[in-house]
Each structure stands twice: as structure tokens, then as C-alpha cells.
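Dear colleague,

I am passing the structure on to you with this message, and below it you will find notes on its aromatic rings and its nonpolar cores. Please keep in mind while reading that this is a predicted model.

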Amino acid sequence: MIAVRGIGVRAGGHEILHDVTFDLVPNTFTAVLGANGAGKTTLARAVAGLQRVASGALELDGRALVDLRPNERARRIAYMASDDAVVEGMSVRDVVATARYAYHEWWDWTEHAGDARAIAAALDAVAMEAFTGRGFESLSSGERQRVWLAAGLAQEAPLLVLDEATSHLDVRVAHEILQLLREQRDLGKTVVCV
């Protein structure tokens with residue numbers, strides 16, 4: 001699915017990643033482990049097509065990742081950042097619904113039946129269906145993390161790239177989320193989790 005070939009990333013005059021090569025094959029769960037500052041987030045962002053690489057290449061099913069249009073890439077790769085971003089003035093459902101933009105033209109945001117189904121299923125999967133009308137900014141950091149995961153699931157991409165998906169969750173909920181990600185793998189998705 002994803003071929004990473006000798007990629008290197010530089011930032012601020014420093015080499016963050018050097019000559020990284022590996023393959024992500026379908027229906028696998030890959031954990032990325034390392035110390036703070038080791039480049040895990042940079043690697044996750046590169047795999048998702050969100051980080052420019054200075055050298056090497058990334059291919060998705062034989063096509064250069066940089067050649068994919070953003071909405072085409074978003075239909076194939078869902079990325080969940082570790083940042084604790086707070087979106088004000090939007091409901092939980094609306095935040096998850098933004099993940100469906102990849103399936104619409106930039107000028108058309110008419111919700112389709114497939115959008116409603118994907119949003120509802122994603123919120124149910126992370127046990128946040130009771131929060132749909134609540135303001136996103138009113139949630140705890142752990143609840144917000146679950147909503148971001150729901151957005152990634154609603155995107156319905158075959159590849160999920162998650163940067164510290166359980167960082168703000170208590171142990172019980174973190175275990176449930178990891179189980180959910182394993183289930184996603186069993187359903188045919190490829191999961192990469194920092």
C-alpha cells in the first residue's frame with residue numbers, strides 16, 4: 001500500500017529523518033515507537049502526505065504520494081494529529097462531518113446519505129453518539145481525542161495514521177480505542193499508530 005523509500009526530512013537546518021525505508025502492507029497494525037524528538041510525528045505526517053520530504057520517495061499503490069490531489073489523498077489516508085486542537089463554535093457532529101469534505105467538490109457541501117451514515121457509525125464506534133449536539137469546546141481533552149478519532153473513521157480511508165491517539169485518555173478508554181483500531185485492521189484497514 002505505502003512504500004517509503006529512503007526519505008529524509010530537514011527542518012530548521014536539522015536533519016529530522018535520514019534514509020528511512022519500509023513498506024506498509026494492507027491489513028496490518030504498525031506501531032511507531034521512540035523517544036521524544038526522535039521524529040515519530042514527522043514520519044507519521046510524511047506517510048500521510050502532510051510533510052514535505054527533502055529526499056527519497058513515498059508511493060501509495062505505485063503512485064507518488066505528491067502526485068495525488070488533496071481530496072484524492074484524503075480518501076485514501078486519514079490522519080489524526082496529537083495536537084489538542086479546540087474548534088470553537090462547532091458541534092461534535094459538525095467536527096466529525098468535516099472529515100467528509102474529501103467526498104465533495106469544494107463548492108458543494110450538501111450532506112448525502114453516505115455522509116450521515118459514516119458520521120453516525122464513527123461517533124458510535126468511539127462511544128460519542130450522545131455528544132453529537134454538544135459544543136466541541138465544552139469537551140474534555142480525552143473526549144476531544146475521541147471525536148478526532150471519529151473524524152478519522154468517518155473519512156472512510158483504507159489507511160489510518162494516528163499520532164498518539166491515546167495520549168489524553170485514561171487507561172480504560174485507551175485500551176478500548178486500541179481495541180477499536182485492531183478491529184479496524186480486522187475490517188481491512190491499515191493502521192499506523194505513534
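The charged end of Arg100 is placed over the ring of Tyr103, at 4.2 Å from the centre of that ring.

As for rings that pair with one another, the count comes to one aromatic pair. Phe136 and Trp148 make up this pair, with 5.3 Å from centre to centre and 65 degrees between the planes, and because edge-to-face requires an angle over 60 degrees, the pair is classed that way. Since Phe136 belongs to the loop between α4 (113-125) and α5 (141-154) while Trp148 belongs to helix α5, the pair ties together parts that are twelve residues apart in sequence. Phe136 has 0% relative accessibility and so counts as buried, whereas Trp148, at 21%, counts as partly exposed.

Turning to the nonpolar side chains, the largest core has 33 residues, and those with the most contacts inside it are Val96, Val126, Val147, Leu149, Leu162 and Leu181. At least two residues of this core come from each of β6 (77-80), α3 (92-97), α4, α5, β7 (159-162), α6 (171-186) and β8 (190-193), and α5 gives the most, with six residues. If residues up to four places away in sequence are left out, Val96 touches Ile119, Ala122, Leu123, Val147, Ala150, Ala151 and Ala154. Another core, of 24 residues, lies apart from the largest one, and Leu17, Leu65, Ile77 and Val192 are among its members.

With best regards

How values were computed: Residues numbered from 1 in each chain as written. Predicted model: local features only at pLDDT ≥ 70, side-chain atom pairs only at ≥ 80, totals over all residues. Heavy atoms only, no water. Phe/Tyr/Trp six-rings, centres within 6.5 Å; stacked < 30°, edge-to-face > 60°. Helix = DSSP H or I, 4+ residues; strand = E, 2+ residues; numbered from the N terminus. Buried < 20%, exposed > 50% of the residue type's maximum accessible area, 1.4 Å probe, protein only. Lys NZ or Arg CZ within 6 Å of the ring centre and 35° of its normal. Core = buried A, V, L, I, M, F, W, Y, C linked by side-chain atoms within 4.5 Å. Contact = heavy atoms within 4.5 Å.
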